[in-house]
Amino acid sequence: MWDLAFSSDSSQLFAAAHADGVIAWQIPSGEEVRRLSKPRGGISHVALSPDDQTLATIALDDTLRLWHAATGHELFTLLQHTGKLEWLQFVSPTRILVGARQEAGRPLGVFVFDAPAPDRP
């Protein structure tokens, strides 16, 4: 497991599992409720929106993807970056901050994405 995100009521745990994509468990039972498909190379970071509707992931191929948290359906890919995506955080249900650096280790900065709330599948 590389990264974890809890739902706002702590009833679900989402784990970025390098070899398995994202796994969601019900808490406290520990029952696995869904798996998100694994992009090429696995997933290193995961964040859940404050309204628990959207899951954001960073894959090892440096793509940022959005998923419908309840179903695991991939909504779209926001970014494929030439630098190394290091972290992500929702600051509202539709605003995401993403930190990146160049492969040489120099910081590139923080990117802000305002994505409209996607229609739910």
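Which residues point one way from β7, and which the other way? I looked this up before anything else. Thr-63, Arg-65 and Trp-67 point one way, while Leu-64, Leu-66 and His-68 point the other way, and all are buried (under 20% relative accessible area, where over 50% is exposed and in between is partly exposed, with a 1.4 Å probe and protein chains only).

**Ground rules.** I note that this is a predicted model, in which local features need pLDDT of at least 70 and side-chain atom pairs count only at pLDDT 80 or more, while totals for chains, interfaces and linings use all residues. Residues are numbered from 1 along each chain as its sequence is written, and side-chain values use heavy atoms, with hydrogens and water left out.

**Whole chain.** I find 0 helices and 11 strands (DSSP runs numbered from the N terminus: H or I of at least four residues for helices, E of at least two for strands). Of the 121 residues, 45% count as buried. The chain exposes about 6100 Å², and carbon and sulfur atoms supply 51% of that area (Shrake-Rupley method with a 1.4 Å probe; for residues, only the protein chains shown count as cover). I also looked up contacts (heavy atoms within 4.5 Å). Among those between residues at least 6 apart in sequence, 32% join residues at least 24 apart.

**Back to β7.** I see that 6 of the 6 residues of β7 are buried. Strands β6 and β7 run antiparallel and are joined by 5 bridges (strands pair if DSSP finds at least two bridges between them). Ile-58 stands opposite Leu-64 in β7. The hairpin of β6 and β7 has 3 residues between the strands, and Asp-62 in this hairpin takes a positive phi near 60°.

**Cores.** I looked up the largest nonpolar core (buried Ala, Val, Leu, Ile, Met, Phe, Trp, Tyr and Cys residues joined through side-chain atoms within 4.5 Å). It has 13 residues, and those with the most contacts inside it are Leu-64, Leu-88 and Val-98. Strands β6, β7, β9 and β10 each give two or more residues to this core. Apart from it lies another core of 12 residues, with Val-22, Ile-43, Leu-48 and Trp-67 among them. I then listed what Val-98 touches, leaving out residues up to four places away in sequence: the list includes Ile-58, Leu-64, Leu-88 and Trp-87.

**Trp-87.** Is Trp-87 buried or partly exposed? I find this residue in strand β9, residues 84-90. Its relative accessible area is 35%, so Trp-87 counts as partly exposed. With Val-110 and Val-112, Trp-87 forms a nonpolar patch on the surface, with about 270 Å² of accessible area together. Patches take residues with over 30% relative accessible area and no salt bridge (a side-chain nitrogen of Lys or Arg within 4 Å of a carboxyl oxygen of Asp or Glu); like charges are joined within 9 Å, nonpolar side chains (Val, Leu, Ile, Met, Phe, Trp, Tyr) within 5 Å.

**Ala-100.** I place Ala-100 in strand β10, residues 95-101. Its relative accessibility is 7%, so Ala-100 counts as buried.

**Loops.** Ser-10 has a positive phi of about 60° although it is not a glycine. I find Ser-10 in the loop between β1 and β2, partly exposed at 40% relative accessibility. Asp-52 has a positive phi near 65° and is found in the loop between β5 and β6. At 23% relative accessibility, Asp-52 is partly exposed. The peptide bond from Ile-27 to Pro-28 is cis, with omega near 15°. Pro-28 sits in the loop between β3 and β4.
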